[in-house]
Amino acid sequence: MFWLNVDHPTNIWKLHKADCVYSKPNDSTRKGVNTTKEEGGWFKFRTHLEAHEFYKKIKPRAVWQPCKICKPED
Ligand SMILES: [Zn+2]
């Protein structure tokens with residue numbers, strides 16, 4: 001599984017493997033899980049390709065950034 005961190009303040013969409021130390025999906029007042037709030041949200045995917053399709057469909061001008069620690073696209 002993969003988690004995509006959609007971050008509105010930085011305009012960066014960062015993809016992680018579910019077991020990455022930086023993969024910390026948690027619902028908060030500013031960030032949602034499987035939904036976006038003021039500062040964005042976390043979205044879960046079965047494959048990194050599905051996550052990238054979602055990105056291209058929703059916000060292709062945001063910055064796509066696979067995590068350098070867990071390397072989700074390798
Ligand atoms: Zn990661």
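1. Two strands count as paired if DSSP finds at least two bridges between them. On that footing, E2 and E5 pair in the parallel sense, over four bridges. Lysine 14 of this pair stands opposite glutamine 65 in E5. Note that the model is a predicted one.

2. Overall make-up. The protein has one helix and five strands. Along the sequence the pattern reads β-β-β-β-α-β. The radius of gyration is 11 Å, close to the 11 Å that the globule rule gives for 74 residues, so the protein is as compact as a globular protein of that length. Along the principal axes, the C-alpha atoms fill a box of roughly 30 × 25 × 20 Å.

3. The sheet. The five strands form an open sheet, and their order is E3-E4-E1-E2-E5. Pairing within the sheet is mixed. Strand E3 (32-33) and strand E5 (63-66) are the edges, and each of them pairs on one side only.

4. The hairpin. E1 and E2 are antiparallel and share six bridges. Four residues separate the two strands of this hairpin. Asparagine 11, in the turn, has a positive phi of about 65°. Two of the facing positions are worth checking on screen. Tryptophan 3 stands opposite histidine 16 in E2. Asparagine 5 stands opposite lysine 14 in E2. Lysine 14 thus deserves a second look: across from this residue in E5 stands glutamine 65.

5. The other side of E1. Which strand does E1 join through six bridges, running antiparallel? The partner is E4. Phenylalanine 2 has phenylalanine 45 of E4 as its bridge partner. E4 (residues 40-45) also runs parallel to E3, and two bridges join them. In that pair, valine 33 stands opposite tryptophan 42 in E4.

6. The helix. Helix H1 covers residues 48-58. H1 lies across four strands: E1 (2-7), E2 (12-17), E4 and E5. Relative to E4, the helix runs at about 140°.

7. The core. Nine residues form the largest nonpolar core: Phe2, Trp3, Leu4, Val6, Trp13, Leu15, Trp42, Phe43 and Ala51. E1, E2 and E4 each supply at least two of its residues. E1 gives the most, with four residues. In soluble globular proteins, nonpolar side chains tend to be buried together.

8. Burial. Is E1 mostly covered or mostly exposed? E1 is mostly covered, with five of its six residues buried. Across the protein, buried residues make up 23% of the 74 residues. The cut-off behind both figures is 20 or more other C-beta atoms within 10 Å of a residue's own.

9. Tryptophan 42. Setting aside residues up to four places away in sequence, which residues does tryptophan 42 touch? They are Trp3, Leu4, Asn5, Pro25 and Val33. Among them, Trp3 and Leu4 are also listed with Trp42 in the largest nonpolar core. Val33 is the residue that stands opposite tryptophan 42 across the E3 and E4 pairing.

10. Contact range. Take the contacts in the protein with a separation of 6 or more. Residues 24 or more positions apart account for 57% of them. One such contact, by its numbering, is that of tryptophan 42 with Trp3.

Key: Residues are numbered from 1 along each chain as its sequence is written. This is a predicted model: local features need pLDDT of at least 70, side-chain atom pairs count only at pLDDT 80 or more; totals for chains, interfaces and linings use all residues. Two residues are in contact if their C-beta atoms, placed from the backbone, lie within 7 Å. Axes are lines fitted to C-alpha atoms, for helices over the stretch in contact, and angles run from 0 to 180 degrees between N-to-C directions. A nonpolar core is a set of buried Ala, Val, Leu, Ile, Met, Phe, Trp, Tyr and Cys residues joined through C-beta atoms within 7 Å. A residue is buried if 20 or more other C-beta atoms lie within 10 Å of its own, exposed if 12 or fewer, and partly exposed in between; C-beta atoms are placed from the backbone. The radius of gyration is taken over C-alpha atoms; the globule rule is 2.2 Å times the number of residues to the power 0.38.
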